[in-house]
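Me: I'd like a close look at one part of this protein, the cysteines and what sits around them. Could you walk me through it in plain bench talk?

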Amino acid sequence: MTLKLWTVLVWLLGLLLVPVRAQTSSEALPTAMDLHEQVHRIPVSVQDLYGRREQRQIPVTVFKPAGQGPFPMVVLNHGRATSREKMAQPSRYRYEQQARYFVGKGFVVMVPTRVGYGETFDGFDPESSGGCSQPRIEPMSLAASDQVIAVAEFARSLPFVDATRWWVMGQSVGGLTTVATAWRNPPGLQGAVNFAGGTGGDPVARPGRSCSSTQIEQLWKSRAAQAKAPMLWLYWENDLFWGAQAPKDWHRAWVEGGGQAEFHQLPAVGQDGHSGFSIDMDRWVPLVDAFLAKAGYTQAALPPVPGPSDFAKIDEIDKVPVGAETRQNLYTRFLASPLPRAFAIGPGGAGFATGDWAVGRALGFCQARRGITCKLYAVDNQVVWRN
């Protein structure tokens with residue numbers, strides 16, 4: 001065999017192995033010990049728009065509050081990448097930052113990585129709508145929501161979950177999945193939150209123009225009256241996948257079809273409001289808080305921020321009750337970061353965050369990897385630490 005032929009064969013073998021690497025990398029992901037993170041793999045059966053049915057094992061990331069429970073549950077659903085290459089990553093969805101909020105509210109959070117993504121990216125794609133010319137939205141909606149319902153059924157086997165009280169939520173195609181799950185009314189479903197739900201968007205080739213807009217409008221209008229659980233729909237003005245008008249049309253169609261959903265279009269955020277679920281928690285959390293409170297879920301997701309203390313001034317680095325290396329490295333970086341910001345410390349750990357949801361993220365960075373309980377040391381320009 002010539003060297004040139006051998007090189008080509010090695011290159012081809014490398015291409016074939018790409019999905020295998022995606023499948024085996026899941027366990028290398030970080031683990032939020034303070035959220036008691038677990039990974040379960042459950043069997044699901046799904047059918048694509050061509051009638052092909054397959055069975056797969058999908059990973060489900062589970063976060064839970066401290067204690068035995070049983071706790072109510074949120075099934076949190078991911079979106080869809082804009083290319084097949086990106087559909088293999090990440091190997092397992094987690095949404096730790098958002099899950100941390102819901103666990104703080106007292107929910108178990110279950111995040112399925114659906115068939116055709118991550119570990120199960122192998123050529124079978126039950127969430128394909130068939131292309132932009134005449135997309136078929138219902139088959140992909142049913143395939144995705146079938147898996148949500150399978151997760152809810154599996155949850156009944158977990159002693160710390162009260163599967164008679166659960167909520168479905170999701171972003172982008174995960175929001176589309178949420179709407180489909182709501183109109184199917186599975187047992188125990190109490191409510192649904194749709195974050196920027198839809199499909200058919202391309203922020204590069206067709207910014208702000210989904211090729212499935214009309215089909216989504218027609219489907220949701222035809223199914224709206226079947227939904228019984230209360231719904232909250234959250235979209236952003238500068239969504240580069242759908243634009244500002246399509247979500248309003250979808251909501252109008254839903255209401256005209258006999259459905260009910262509280263609708264909010266939030267102001268523009270970042271470069272693309274389609275990512276608001278991840279980058280605009282400061283604005284969507286109060287809306288979700290109020291929505292959940294209507295169903296009796298009023299537990300605060302974060303501890304209250306203490307008022308300023310006289311422990312130290314913000315720039316008195318030597319007084320921060322952590323090790324010298326942490327003071328010099330982590331705390332000096334915190335001091336150099338813009339507002340809003342927060343710094344948290346605990347036994348053997350520390351963490352800081354700046355920007356959106358800074359307090360929650362700082363506590364999470366401090367607690368997650370060691371499973372410890374942390375407290376706020378400083379918020380913005382004030383030390384709030386008390387011994």
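Which cysteine forms a disulfide with Cys-366, and how many Å apart are their sulfur atoms?

Reply: Keep in mind that this is a predicted model. The partner is Cys-374, and the two sulfur atoms sit 2.0 Å apart. That is inside the 2.5 Å cut-off for calling a pair of cysteine sulfurs a disulfide. The torsion about the S-S bond of Cys-366 and Cys-374 comes out at about -75°, so this disulfide is left-handed.

Is the pair buried or exposed? Cys-366 is buried, with a relative accessible area of 1%. Cys-374 has 7% relative accessibility and counts as buried too, since the cut-off for that word is under 20%.

Now for the surroundings. Cys-374 is one of the residues nearest the centre of the largest pocket, along with Pro-303, Leu-363, Gln-367 and Thr-373. That pocket has a volume of about 550 Å³, and 27 residues line it. Helix 12, residues 358-367, gives the largest share of the lining, with four residues. Helix 4 (96-104) and strand 11 (375-379) each supply at least two residues as well. By character, the lining splits into 15 nonpolar residues, seven polar ones and five charged ones.

There's a second pocket to set beside that one. The second largest pocket holds about 460 Å³ of space. It is also lined by 27 residues, and the closest to its centre are Arg-80, Ala-81, Thr-199, Gly-200 and Gly-201. Its lining divides into nine nonpolar, 12 polar and six charged residues.

Back to the cysteines. The structure holds two disulfides, and the other one joins Cys-132 to Cys-211, with an S to S distance of 2.0 Å. This link is left-handed, with -70° about the S-S bond. Cys-132 lies in the loop between strand 4 (108-112) and helix 5 (137-155), and Cys-211 lies in the loop between strand 6 (189-195) and helix 7 (213-223), so the bond ties together parts that are 79 residues apart in sequence. Cys-132 is partly exposed, at a relative accessible area of 37%. If you number the bonded cysteines of the chain in sequence order, the pairing reads 1-2, 3-4.

Helix 5 came up there, so here is a residue from it: Ser-145 is found in that helix. With 0% relative accessibility, Ser-145 counts as buried. For a feel of the distances in this model, Ser-145 and Gln-328 are 183 residues apart in sequence and 49 Å apart in space, C-alpha to C-alpha.

One more helix, away from the disulfides as a topic. Helix 10 covers residues 281-293, which makes 13 residues, and it reaches 17 Å from its first C-alpha to its last, close to the 18 Å expected at 1.5 Å a residue. Its buried residues are Met-281, Trp-284, Val-285, Val-288, Phe-291 and Leu-292. Looking down the axis of helix 10, these buried residues fall within an arc of 130°, so they line one face of the helix. The general rule behind that kind of pattern is that an α-helix has 3.6 residues a turn, so residues three or four places apart point the same way.

To go back to your question, then: Cys-366 and Cys-374 form a disulfide, and Cys-374 is also among the residues nearest the centre of the largest pocket.

Technical notes
Residues numbered from 1 in each chain as written. Predicted model: local features only at pLDDT ≥ 70, side-chain atom pairs only at ≥ 80, totals over all residues. Heavy atoms only, no water. Buried < 20%, exposed > 50% of the residue type's maximum accessible area, 1.4 Å probe, protein only. 1 Å grid on protein atoms, 1.4 Å probe; cavity = no way out; pocket = protein on both sides within 12 Å on 5 of 7 lines; lining within 4 Å. Points joined across faces, edges and corners; volume = space filled by probe spheres on them. Nonpolar A, V, L, I, M, F, W, Y, C, P; charged D, E, K, R; others polar. Expected span 1.5 Å × (residues − 1). Arc of directions from axis to C-beta.
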